[in-house]
Amino acid sequence: MTSHDELPGTAESYWMATTTSTDKPRLDTDAAADVVVVGAGMAGLSTAWELARAGRSVVVLEADRIAAGVSGYTTAKLTAAHSLIYERLSRTRGGEGARHYAQSQQAAVERVVSVAEELGVDCDVERPSALTFTTDPQQRATFEAEARAAAEAGLDAHFVTETDLPFPVRAAVKVAHQAQFHPRKYLLALADDITARGGLIHEQTRVTGLSEGSPCKVTTEGGATITAKDVVVATHYPVFDRALHFARLSPRRELVVAAPIPADQAPKHMYVTDDMGKRSVRTAPLDESRRLLIVTGESFTPGTGDSHERFLRLDRWMHDHFSVGETAYRWAAQDNDVSDGVPLVGPFHPGARHVYVATGFGGWGMSGGAMAGQLLASLVTGAQPEWAGLYDPRRLWSTLREAPALLKQQVEVARHFVGDRVKTTHVDSVAEIAPGSGAVVRVEGRRCAVYRDEDGTAHAVSARCTHLGCLVSFNEAETAWECPCHGSRFGIDGEVLHGPALRPLSPRDI
């Protein structure tokens, strides 16, 4: 196995490191409520809070800890400026579709700001502009068109060529009145207010079954059953495949590094570019003289490539371009892209009457999650915003417009499902696996995922993802097994870290 340079910083997100842990009770008895919300990230807690505020009894079920999954490892930009989306929406969904997207996403930004004020939570809300930029002079016309489309959609958007970044850009779209915040402080405040309004939140309660009907029934790994009129599935990647959402979703993982920077040298706004494999930049307050520069990038499919080298490359870029101190934190974020570029928020499938889903935020889960909370609460309570149809998961997707993206995603899945079985293993034997490393190796005719800890003990589990059977791959930088097909992640002993998988990888005796 090859050796790597040591990774910089503490392997933890800044948001997790600067908040206290939670300890909500596990659900071990049957229960009933008006609404069960599965998942306690931005979308789930936003939905639960909106419903509790509307007078509904709510039970929130979280497989791990609240606000500690994807929402605890985000970049935490709260914006309606989602890279180069408005010109494309204007072409594919028309001017009305683009306006509805801008209206709903900007309303989500304002909703978070107003709720933080209403609850009196100090979650570092700031109101910078958001800029999408390029260093490629040939992209100027593309950015001019995007600025026009975003302005026509109703955003305060302008084409600019000057920024406060410490390097030149060739073109940028600047959208004013956006926001950034500390997501976990905000979400923990939401959770406290949900319980204050009579809602129940249960951690370490993994949902494994869903029976649709009147009423619906949700079952947990521990055997408890929760009866409810309505169910919201907000688990990032839907844990139930009955709607075949996996055919429309492609997982994407991105790395994050953060380092202190003098306040007078810190960028004042939020930035993102698709150049260089994506680079996203924002800051957070540290003290009177310093801010924390947070840089995200190196987009990749989980289970592919060398995350260790990607971390090093991203960290070098940050230090090469900004006057930062020693790297303080590193973490990774994950989200799902929808084949037509618009999140899936609404009824779970064409036959659903009381089950709803929120997924596919494409890297913009903070505004998307807040939007989903408003939309799903409205649908449950009998209202429907004029923009609800834009996000409806039941929208026709077998169109010529979406077909190329769908085909590309399924070809990629098939490549891993078939190709990973016929290619050679990473190593020929367990003995070749160095301490602190992992590899897929064939043992007695079966492929096993084997990790050797620093003490030399080997931990072996099945290499087949329990979702749909793709072979997992080892992420050395994060010490986890990852599925390249749909993004499930597992610990070294097989426990589920990230869905859609519900069951752990089976242990193997080697």
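**Exercise 1. In which hand does H2 pass H8 where the two cross?**

Before starting, a word on the model: it is predicted, so to speak, by computation, and local features need pLDDT of at least 70, side-chain atom pairs count only at pLDDT 80 or more, while totals for chains, interfaces and linings use all residues. Residues are numbered from 1 along each chain as its sequence is written, and side-chain values use heavy atoms, with hydrogens and water left out.

Step 1. Find the helices: H2 covers residues 42-53 and H8 covers residues 365-380. Helices (H or I, at least four residues) and strands (E, at least two) are DSSP runs, numbered from the N terminus.

Step 2. Look at the axes. They come within 7 Å and cross at roughly 35°. Axes here are lines fitted to C-alpha atoms, for helices over the stretch in contact, with angles running from 0 to 180 degrees between N-to-C directions.

Step 3. Read off the hand: the crossing is right-handed. That label applies if the near helix is turned clockwise from the far one by less than a right angle, and left-handed if anticlockwise.

Step 4. See who meets whom. Residues of H2 including Met42, Ala43 and Ser46 meet residues of H8, among them Gly365, Met366 and Gly369. Contact means heavy atoms within 4.5 Å.

**Exercise 2. Work out the surroundings of Glu62.**

Step 1. Place Glu62 in the loop between strand E3 (58-61) and strand E4 (77-78).

Step 2. Check for a charged partner. Glu62 is buried yet has no salt bridge, and the nearest side chain of opposite charge, Arg206, is 7.2 Å away. Buried means under 20% relative accessible area, exposed over 50%, partly exposed in between (1.4 Å probe, protein chains only). A salt bridge needs a side-chain nitrogen of Lys or Arg within 4 Å of a carboxyl oxygen of Asp or Glu. For charge, Lys and Arg count as positive and Asp and Glu as negative; His and the chain ends are not counted.

Step 3. Follow the side chain: it reaches the backbone nitrogen of Asp64 at 2.9 Å. Leaving aside neighbours within four places in sequence, the contacts of Glu62 include Gly39, His202 and Glu203.

**Exercise 3. Which residue forms a salt bridge with Glu203?**

Step 1. The partner is Arg65, with the closest N and O atoms 2.7 Å apart.

Step 2. Glu203 sits in the loop between strand E9 (200-202) and strand E10 (207-211), and Arg65 in the loop between E3 and E4, so the pair ties together parts that are 138 residues apart in sequence.

Step 3. Compare the burial classes: Glu203 counts as buried at 0% relative accessibility, and Arg65 as partly exposed at 24%.

**Exercise 4. Trace the salt bridge between Asp337 and Arg252.**

Step 1. Their side chains meet at 2.8 Å, N to O.

Step 2. Asp337 is in strand E17 (residues 329-338) and Arg252 in strand E13 (residues 249-262), so this pair joins parts 85 residues apart in sequence.

Step 3. Asp337 is partly exposed at 24% relative accessibility, while Arg252 is buried at 16%.

Step 4. Widen the view: Arg252, Glu254, Lys278 and Asp337 are linked in a network of salt bridges. A search of the whole structure finds 24 salt bridges.

Conventions. A polar contact is a pair of N or O atoms within 3.5 Å; within protein, one must be able to donate a hydrogen and the other to accept it, and residues adjacent in sequence count only if both atoms are side-chain atoms.
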